[in-house]
Amino acid sequence: MEAESDDNLASQVEEIEALSAIYGDEWCVVDEVSRVYCIQVTDGEEKQQWALCLQVILPTDYPRLSPPIYELNAPWLKGQERIELSRSLDEVYLQNIGEPVLFLWVERVREFLLEKGERDQSGPSGSAKKSCEEEDAEETVTVVISPASSDSDLSPAQDEELPPIHHGEPVTDKRSTFQAHLAPVVSVRQVKLVQGKLMENKKIANATHNIMAYRIFCEDRNSFIQDCDDDGETAAGGRMLHIMEILDVRNVLVIVSRWYGGIHLGPDRFKHINNCTRNILDTCGYLEAKDDGASKGKKTKSKKSK
């Protein structure tokens with residue numbers, strides 16, 4: 001673990017030095033001890049009509065395990081535009097898990113500003129250049145971490161039915177095998193039904209870990225019920241749930257089974273768990289459906305349990 005921490009720190013130092021060289025005075029160190037940085041990104045045009053401040057905090061396990069924590073600050077950035085830019089940055093991270101992403105983020109923000117400038121020639125209000133000092137409230141929904149017995153008001157009769165279960169393609173690395181399983185769910189009770197059904201399969205029941213995360217959206221309360229379980233693989237469930245939050249998927253349960261092969265994988269095990277999660281969500285159509293809030297995945301290439 002100490003070696004991993006040293007590797008992360010060395011990678012962070014190298015990345016920050018590179019960004020300072022590339023962006024010069026635009027790159028600002030807010031708090032070196034806490035690893036807080038920011039950059040004022042503009043559209044690059046002579047008039048610089050559009051600008052925003054990207055502020056990042058680097059966790060100790062970035063880039064190997066965790067993404068940077070970021071804030072997007074601009075008086076004009078709100079509503080759907082804020083959501084779209086945030087999703088775009090999250091997609092960049094998911095496509096480069098385990099790698100430095102700050103340069104890619106900065107340039108993606110710049111592309112966003114250029115695209116906005118092409119769409120809207122009128123420019124922002126006069127306060128746009130204060131974006132490092134001002135932050136608009138983002139549209140939010142409440143997130144409820146669900147206790148095991150909290151779905152009594154979310155379980156109409158149809159919720160008693162076992163939903164279809166889909167299985168992703170197994171991934172093997174150094175004799176450890178990872179496989180994702182997915183089911184559409186609208187209640188915590190359905191989550192339990194799916195878990196019980198999977199445990200009837202002796203191979204899945206004998207997996208070293210069965211890591212789980214789910215998100216259920218309650219339209220009447222504009223809130224999510226969500227939870228995760230590491231099943232002995234420390235912090236893995238939380239990472240899965242974080243990816244599902246980034247991708248804004250809803251009404252879905254994902255379980256990743258890992259069969260340990262006797263050789264330690266180190267941080268690579270989290271990469272495989274994260275990739276299995278994203279791949280089965282993609283295969284079942286949840287990434288295509290996220291923008292319109294669809295709650296049903298498409299039954300495409302996945303294998304359905306019998």
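The following paragraphs describe the fold, the helix packing, the nonpolar cores and selected local backbone features of a predicted model.

The protein chain comprises 306 residues, of which 49% count as buried, and its secondary structure consists of 8 helices and 12 strands. Among contacts between residues at least 6 apart in sequence, 66% join residues that are at least 24 apart. The average pLDDT over the chain is 79, and 78% of the residues score at least 70. Two stretches fall below this level of confidence: across residues 125-143 the pLDDT stays under 50, although the model has 40 contacts beyond four places in sequence for this segment, and over residues 293-306 the pLDDT is likewise below 50, with 33 contacts beyond near neighbours in sequence.

The largest nonpolar core contains 57 residues, and the members that touch the most other members are Trp27, Leu52, Val56, Leu102, Trp105, Val254 and Leu281. Helix α6 gives the most to this core, with 7 residues. Another core, of 17 residues, lies apart from it and includes Ile165, Val188, Leu198 and Ile225.

Two helix pairs were examined in detail. In the pair formed by helix α2 (residues 79-95) and helix α3 (residues 102-119), the axes come within 10 Å and cross at roughly 145 degrees, and the crossing is right-handed. On the α2 side the contact is made by Glu81, Leu85, Ser88, Leu89, Val92 and Tyr93, whereas α3 contributes Leu104, Trp105, Arg108, Val109, Phe112, Lys116 and Arg119. Sorted by class, this contact has 8 nonpolar, 1 polar and 4 charged residues. Trp105, which takes part in the contact from the side of α3, is also one of the residues that touch the most other members of the largest nonpolar core.

In the other pair, helix α6 (residues 236-247) packs against helix α7 (residues 268-283) at an angle of about 40 degrees, with the axes 10 Å apart; this crossing, too, is right-handed. The contact involves Ala236, Arg239, Met240, Ile243, Met244 and Leu247 of α6, together with Phe270, Ile273, Asn274, Thr277, Arg278 and Leu281 of α7. By class, the contact of α6 with α7 has 8 nonpolar, 2 polar and 2 charged residues. Leu281, a participant from α7, is named as well among the residues with the most partners in the largest nonpolar core.

Tyr93, located in helix α2, merits separate description. Its relative accessible area is 4%, so Tyr93 is classed as buried. Leaving aside neighbours within four places in sequence, Tyr93 is in contact with Leu65, Ser66, Pro67, Val101 and Trp105. The C-alpha atoms of Tyr93 and Pro63 are 9.9 Å apart in space, while the two residues are 30 apart in sequence. Pro63 itself lies in the loop between β3 (51-57) and β4 (69-73), and the peptide bond that leads from Tyr62 to Pro63 is cis, with omega near 10 degrees.

Further backbone features occur in loops. As a general background, most residues other than glycine have a negative phi, and most peptide bonds are trans. Against this background, Arg175 has a positive phi, near 75 degrees, and is placed in the loop between β7 (171-173) and β8 (176-184). With a relative accessibility of 59%, above the 50% cut-off, Arg175 therefore counts as exposed. Ala235 also has a positive phi, near 70 degrees, and its place is in the loop between β10 (223-229) and α6. Because its relative accessibility is 31%, Ala235 counts as partly exposed.

Arg189 is found in helix α4 (residues 188-199), where its relative accessibility of 33% means that it counts as partly exposed. The C-alpha atoms of Arg189 and Glu161 are separated by 9.6 Å, the two residues being 28 apart along the chain. Val188 and Leu198, which fall within the residue range of α4, are among the members of the core of 17 residues.

How values were computed
Residues numbered from 1 in each chain as written. Predicted model: local features only at pLDDT ≥ 70, side-chain atom pairs only at ≥ 80, totals over all residues. Heavy atoms only, no water. Axes fitted to C-alpha atoms, helices over the stretch in contact; angles between N-to-C directions. Helix = DSSP H or I, 4+ residues; strand = E, 2+ residues; numbered from the N terminus. Left-handed = near helix turned anticlockwise from the far one by under 90°. Contact = heavy atoms within 4.5 Å. Nonpolar A, V, L, I, M, F, W, Y, C, P; charged D, E, K, R; others polar. Core = buried A, V, L, I, M, F, W, Y, C linked by side-chain atoms within 4.5 Å. Buried < 20%, exposed > 50% of the residue type's maximum accessible area, 1.4 Å probe, protein only. pLDDT = per-residue confidence, 0-100.
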